[in-house]
Amino acid sequence: MTDDPYRGFAAPQAPRPERSGDGDGTGLVRPVLWLLLVVFAVANMVTSSVGGLNVFVGIGFGLATLACGIALVVHHRRQRRS
């Protein structure tokens, strides 16, 4: 037994699980989502600034940009947990 009074209250030091490698294709998800996010954001800006286009085209690109952003956040949080 040690003289350290806080030793019994410390959390056990479990090794972190190894992340799955890039060989399973998960390493490609994040760059593709970033690329789509940029493409949809630029398309949204262009369709919003050009007159004569249907407003629903700009809304569609805006929703696609939002979906890519949400997918990036979800992917990030799932990778941190594993």
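Is I59 buried, partly exposed or exposed? Keep that in mind while you open the model, which is a predicted one.

**Stop 1: the two helices.** Select residues 29-49. This is helix 1. Now add residues 55-81, which form helix 2. Look at how the pair is arranged. Their axes come within 8 Å and cross at roughly 155°. Angles over 145 degrees count as roughly antiparallel, so helix 1 is roughly antiparallel to helix 2. Check the handedness too: the crossing of helix 1 and helix 2 is left-handed.

**Stop 2: P31.** Stay on helix 1 and pick P31, which belongs to that helix. Its relative accessibility is 45%, so P31 counts as partly exposed. Next, select L72 as well. P31 and L72 lie 41 residues apart along the chain. Draw a distance between their C-alpha atoms: the separation is 9.6 Å.

**Stop 3: I59.** Move to helix 2 and select I59, which is found there. Here is the reply to the opening question. I59 has a relative accessibility of 43% and therefore counts as partly exposed. The partly exposed range runs between 20% and 50% relative accessible area.

**Stop 4: the patch.** Keep I59 selected. Add V55, F56, L63, L66, I70 and V74, then turn on the surface. Together with I59, these residues make a nonpolar surface patch. The patch covers about 690 Å².

Technical notes
Residues are numbered from 1 along each chain as its sequence is written. This is a predicted model: local features need pLDDT of at least 70, side-chain atom pairs count only at pLDDT 80 or more; totals for chains, interfaces and linings use all residues. Side-chain values use heavy atoms; hydrogens and water are left out. Patches are made of residues with over 30% relative accessible area and no salt bridge: like charges are joined within 9 Å, nonpolar side chains (Val, Leu, Ile, Met, Phe, Trp, Tyr) within 5 Å. Accessible areas come from the Shrake-Rupley method with a 1.4 Å probe; for residues, only the protein chains shown count as cover. A salt bridge is a side-chain nitrogen of Lys or Arg within 4 Å of a carboxyl oxygen of Asp or Glu. Helices (H or I, at least four residues) and strands (E, at least two) are DSSP runs, numbered from the N terminus. Buried means under 20% relative accessible area, exposed over 50%, partly exposed in between (1.4 Å probe, protein chains only). Axes are lines fitted to C-alpha atoms, for helices over the stretch in contact, and angles run from 0 to 180 degrees between N-to-C directions. Angles under 35 degrees count as roughly parallel, over 145 as roughly antiparallel, 65 to 115 as roughly perpendicular and the rest as oblique. A crossing is left-handed if the near helix is turned anticlockwise from the far one by less than a right angle, and right-handed if clockwise.
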